[in-house]
Amino acid sequence: MEDISSAFSHRFVLTDVEQQEIVIESKENIGVKTNKFFLVGVVLSDKPVNKEALRKTFYTIWKPKARVTIVELEQNRFFFAVNTRAERATILNGGPWVFNDYLLILAEADEKVNPIRIPLVMQEFWIQVKGLPLAYMTRAMGRLIGTALGGYVVTDQSKKVGYLGSYLRIRASIDVTKPLRRSLKLRLDGDLLEVEIRYEKLPITCYHCGLIGHMEGSCTRKGVVYEDDKAKPYGKWFQQDVLGPDYRRPSGRRFGLSSPTGWFM
Ligand SMILES: [Zn+2]
């Protein structure tokens, strides 16, 4: 039987009375009946997010056809109830989304699961793999690299965005609790090949530790102080070669949910 208990009983020895289960024959009559579709999201930021600002942004960017309920579950973690399955799918598939330049990770939620317990650590990104020989710019290689990075989703095979061009473009899930990988070593028929990994629409990321969600000023892993940006483990270069020489690091823009066509709206 499905166990949806909290961790409480793992932390304490329960009394006999507390051990007794109340048996409910059917979930049908006890739960809330709903025709809403749920999302749970966390803004990966070291600063607290204002719920009203998030609500305004939600309406501005996603333009829901009817009222959306937004509940703050804990600091920077929110629960959204939208009105159609299609609306939820559009939101989920359009990411990565950013709020004030900080990553907003979203996942589908189910009314029967406690949304606090839904893990929000994986985020899909479009990724550019640079340095591959032309012969290996294939879907099979995309799958291999995507899997190595965290979770393969798809390889972009439209020629205009780089297939058979200067890079292989794949969509993959990344574990945001780990520093972003900048490169990957491949052993191909005995030969070592190092490819560079670049992320499109990257939200605020620390140039010292490579973690998403804070800037260097508030980095707790900062050891060495770098005079020159180029000497940092991560830096402007990390985005410049994806976004062009005019790239400027985002700095607290009010409305920053990324759109499918551009970087920021
Ligand atoms: Zn850091």
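The legends below walk you through close-up views of a predicted model.

**Figure 1. The whole chain comes before the details.** Welcome to a protein chain of 265 residues, of which 27% count as buried. Along the chain you will meet 6 helices and 10 strands. Contacts often link distant parts of the sequence: among those between residues at least 6 apart, 62% join residues at least 24 apart.

**Figure 2. Five strands make an open sheet.** Here 5 strands lie in the order β2-β3-β1-β5-β4, with antiparallel pairing. At the edges sit β2 (69-74) and β4 (97-99), each of which pairs on one side only. On average, neighbouring strands of this sheet are turned by 35 degrees against each other, direction ignored.

**Figure 3. A helix packs on the open sheet, and two of its strands are joined by bridges.** Strand β1 (residues 37-44) and strand β5 (residues 102-109) run antiparallel, with 7 bridges between them. To find your way along this pair, look for Val40, whose bridge partner in β5 is Ala107. Helix α3 (residues 51-62) packs on the sheet and touches β2, β3 (77-82) and β4. The direction of α3 makes about 145 degrees with that of β2.

**Figure 4. Strand β8 pairs with both β6 and β7.** Let us move to another group of strands. Strand β6 (residues 122-130) and strand β8 (residues 167-175) run antiparallel and are joined by 9 bridges. A handy landmark is Val129, which stands opposite Leu168 in β8. Strand β7 (residues 152-155) also pairs with β8 in the antiparallel sense, over 3 bridges. There, Val154 has Arg171 of β8 as its bridge partner. As background for viewing any such pair, side chains in a regular strand alternate between the two faces of the sheet.

**Figure 5. Strand β10 pairs with both β6 and β9.** Strand β10 (residues 191-199) pairs with β6 over 4 bridges, again in the antiparallel sense. Strand β9 (residues 183-188) and β10 run antiparallel too, joined by 6 bridges. Glu196 in β10 is a good residue to pick out here: Lys130 stands opposite Glu196, and so does Ser183.

**Figure 6. A hairpin links β9 and β10.** Zoom in on the turn of this hairpin, where 2 residues lie between the strands. How does the backbone at Asp189 behave, with a positive or a negative phi? Asp189 takes a positive phi near 50 degrees.

Notes:
Residues are numbered from 1 along each chain as its sequence is written. This is a predicted model: local features need pLDDT of at least 70, side-chain atom pairs count only at pLDDT 80 or more; totals for chains, interfaces and linings use all residues. A residue is buried if 20 or more other C-beta atoms lie within 10 Å of its own, exposed if 12 or fewer, and partly exposed in between; C-beta atoms are placed from the backbone. Two residues are in contact if their C-beta atoms, placed from the backbone, lie within 7 Å. Two strands pair if DSSP finds at least two bridges between them. Axes are lines fitted to C-alpha atoms, for helices over the stretch in contact, and angles run from 0 to 180 degrees between N-to-C directions.
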